[in-house]
Amino acid sequence: MTQHITASSTIHRLEEFLQVDLNPELPTPHEFENFPTDMAEVQRLIDSICSIPVPSAPSMCPQSPDTATSTSVKVRWSLSADDTVEHYQLYYRKLGDNTQDEGAADASLRVKEMFCTVRNLQTGSMYVFWVTATNSAGTSDVSDRAVFTTGNVLDVPQAVIGRAIDGEVTDALSSCL
């Protein structure tokens, strides 16, 4: 019987409590009352917290021995370990071409790795290469430029010649996207 009275009185007290209009007013410092919200400033602050910096300019590595065939060269570059990169853009131009703009590229390749084998080049020719790195914050400055030379037909190792398919030399070391 005491349990019934206790349960009944608890329900009665709960009903009384629920009928009370609660509207607590929390004290706030005066500087937060009518505080103007500049949404552009809020967005700038959010972006500064969530953003990554633009990558630094990559550094081209010089041509290494055994990285060229008669029609291709393997190009490498390096980047600061702190940089976040989504992709690279590798630019190149054949030296000796009569171009109006010496800084302009003949071609470019989008690459995911820090190396690329560039194919279908002219035998015994010199090419200048440079690269940029890109992430969601933007594109880096242009790297330094490096000159690479394709080999002469007589300089190509027999193992590479043996992999020729339909007149095009394949290189299993890397691929460009």
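pLDDT is the predictor's confidence in each residue, from 0 to 100. This model is predicted. Its mean pLDDT is 79, and 73% of the residues reach 70 or more. The points below cover confidence, the nonpolar core, the cavity and two residues with positive phi.

**Confidence**
- Confidence peaks in strand E2 (residues 73–78), where the mean is 97.
- Helix H3 (residues 158–161) has the lowest confidence, with a mean of 39.
- Across residues 155–177 the pLDDT is below 50.
- That stretch still has 28 contacts in the model beyond near neighbours in sequence.
- Where pLDDT is low, predicted coordinates should not be read in detail.

**Nonpolar core**
- The largest nonpolar core has 18 residues.
- Six of them touch the most other members: Met60, Val75, Trp77, Leu90, Val118 and Phe129.
- Several strands each supply at least two residues of this core: E2, E3 (87–94), E5, E6 and E8 (146–149).
- Strand E6 gives the largest share of the core, four residues.
- Met60 also has a list of contacts that leaves out residues up to four places away in sequence.
- Among the residues that Met60 touches are Val75, Trp77 and Phe129, which are also named among the core members touching the most others.
- Met60 touches polar and charged residues too, including Arg76, Ser143 and Asp144.

**Cavity**
- The structure holds one cavity of 30 Å³ or more.
- The volume of the largest cavity is about 30 Å³.
- Its lining is made by Cys61, Pro62, Gln63, Ser64, Thr67, Lys74, Val75, Arg76 and Phe148.
- Strand E2 gives the most to this lining, with three residues.
- By class, the lining has four nonpolar, three polar and two charged residues.
- Val75 appears in this lining and is also a member of the largest nonpolar core.
- Phe148 and Arg76 line the cavity, and Met60 touches both.

**Positive phi outside glycine**
- Asp66 has a phi near 60 degrees, a positive value in a residue other than glycine.
- Asp66 sits in the loop between strand E1 (59–60) and E2.
- Asp66 is exposed, because its relative accessible area is 79% and the cut-off for exposed is over 50%.
- Asn120 has a phi near 65 degrees, again positive in a residue other than glycine.
- Its place is the loop between strand E5 (115–118) and strand E6 (126–135).
- Asn120 is exposed as well, with a relative accessible area of 61%.

Methods
Residues numbered from 1 in each chain as written. Predicted model: local features only at pLDDT ≥ 70, side-chain atom pairs only at ≥ 80, totals over all residues. Heavy atoms only, no water. 1 Å grid on protein atoms, 1.4 Å probe; cavity = no way out; pocket = protein on both sides within 12 Å on 5 of 7 lines; lining within 4 Å. Points joined across faces, edges and corners; volume = space filled by probe spheres on them. Buried < 20%, exposed > 50% of the residue type's maximum accessible area, 1.4 Å probe, protein only. Contact = heavy atoms within 4.5 Å. Core = buried A, V, L, I, M, F, W, Y, C linked by side-chain atoms within 4.5 Å.
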